[in-house]
Amino acid sequence: MYLFKQKDELRQYLHTAKQQGATIGFVPTMGALHEGHLSLIHTAKAQSSLTVCSIFVNPTQFNDPADFEKYPITIEKDIQMLIAGGTDVLFLPAVAEMYPEGLSAPAPHYDFGALETVLEGAHRPGHFQGVGRIVHKLLDIVQPHKLFMGQKDLQQCLVVTRLLQLIDSPAEMVICPTLREPDGLAMSSRNMRLGPDERKNAVALYQALSYIKNGLAKGGSLPDILAAARLQLQSSKFEMDYLDVIAVKDDGIIQFPEQAVTNLPMYAIVAARMEGSPVRLIDNLQM
């Protein structure tokens, strides 16, 4: 595996590889890697001839400075996992490399429309502008044929898909299934910050999503099912930012249906933290 820390050197390497016929698959990450990330690497390898992974904890997408400071950093382990997973190239830049203009310099504004006002957008103001800013920079450097991201961050996937349109990028978005622990908890770097009791209790998120899916499959009332699922999470000592069912249109617009629909993909989606815990967890499940 080649490791680059300077964007110009990586850009030149990839330019040469493309001239030799390589197709580039790109997996952007913030490190603290787990098997879910490796599944993205494996999918990228299957669909591309050269797989690039980036590790960069992006400060502009954290609306809570304490969350940024506590984000787990496990670079040595990450590198070993990427090598074992067959990654061809790792891009490991410093903040100054990605933001030579400075973090407080004027930044482009991306029109993500209603995606930025609901769910994650409503609870993390400015978050998706920060995501757009760094992904735009990374795409300019890597110029991949395909971009691989995980369904656990569904709204982020929709935002980045919109970004590809806004910047007229030829890269194809590939959304990969969420990998889960044996008890159903979605794999996440933030799980590393859970204590033993919190980790055991965290499965309640998946149980609530599954309850919604099963209830809708049986023809139940969506408002009643959602109300019961929210009570379930509250009884498991969770404080919710949201627990909803959404439908996603072909153009990426999110709708909040009042009953089950069959003409659009539907997802139960949640963001919550356990009482007294600073660790915010998100998940979703397709209906």
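**Close-up views of a predicted model**

**View 1. Strand β1 sits beside strand β4.** Three bridges hold β1 together with β4, the strand made of residues 89–91, and the two run parallel. Look for Y2 here: its opposite number in β4 is V89. Keep in mind that this is a predicted model, in this view and in the ones that follow.

**View 2. Six strands line up in an open sheet.** Step back from β1 and β4 and you can follow the whole order, β1-β4-β3-β2-β5-β6, with parallel pairing. The edges belong to β1 (2–4) and β6 (172–176); each has a single partner strand, so one side of each has no neighbour in the sheet. On average, neighbouring strands are turned by 25° against each other, direction ignored.

**View 3. Helix α4 packs on the sheet.** This helix covers residues 75–84 and touches β1, β3 (50–55) and β4. Compare its direction with that of β3 and you get an angle of about 170°. That value is over 145, so the helix and β3 count as roughly antiparallel.

**View 4. Helices α1 and α7 cross.** Here α1 (residues 7–19) meets α7 (residues 127–142), with axes that come within 8 Å and cross at roughly 50°. That crossing makes α1 oblique to α7. On the α1 side, the residues to find are K7, L10, R11, L14 and K18, while α7 brings D140, I141 and V142. Sorted by class, the contact has four nonpolar and four charged residues, and no polar ones.

**View 5. The second largest pocket is an open space with 16 lining residues.** It holds about 240 Å³ of space. Nearest its centre lie L158, D250, D251, G252 and I253. Helix α8 (residues 154–166) gives the most to this lining, with four residues. By class, the pocket lining comes out as seven nonpolar, four polar and five charged residues.

**View 6. The largest cavity has a volume of about 50 Å³.** Searching the whole structure turns up one cavity of 30 Å³ or more. Around the largest cavity you'll find K152, L185, A186, S188, N191, L205, L281, I282 and D283. Strand β10 (residues 281–286) is the element that gives the most to this lining, with three residues. The lining of the cavity splits into five nonpolar, two polar and two charged residues.

Notes
Residues are numbered from 1 along each chain as its sequence is written. This is a predicted model: local features need pLDDT of at least 70, side-chain atom pairs count only at pLDDT 80 or more; totals for chains, interfaces and linings use all residues. Side-chain values use heavy atoms; hydrogens and water are left out. Two strands pair if DSSP finds at least two bridges between them. Axes are lines fitted to C-alpha atoms, for helices over the stretch in contact, and angles run from 0 to 180 degrees between N-to-C directions. Contact means heavy atoms within 4.5 Å. On a 1 Å grid over the protein atoms alone, a cavity is a set of points where a 1.4 Å probe fits but cannot get out, and a pocket is an open set with protein on both sides within 12 Å along at least five of seven lines; lining residues have an atom within 4 Å of a point. Grid points are joined across faces, edges and corners, and a volume is the space filled by probe spheres set on the points. Ala, Val, Leu, Ile, Met, Phe, Trp, Tyr, Cys and Pro count as nonpolar, Asp, Glu, Lys and Arg as charged, and the others, Gly among them, as polar. Angles under 35 degrees count as roughly parallel, over 145 as roughly antiparallel, 65 to 115 as roughly perpendicular and the rest as oblique.
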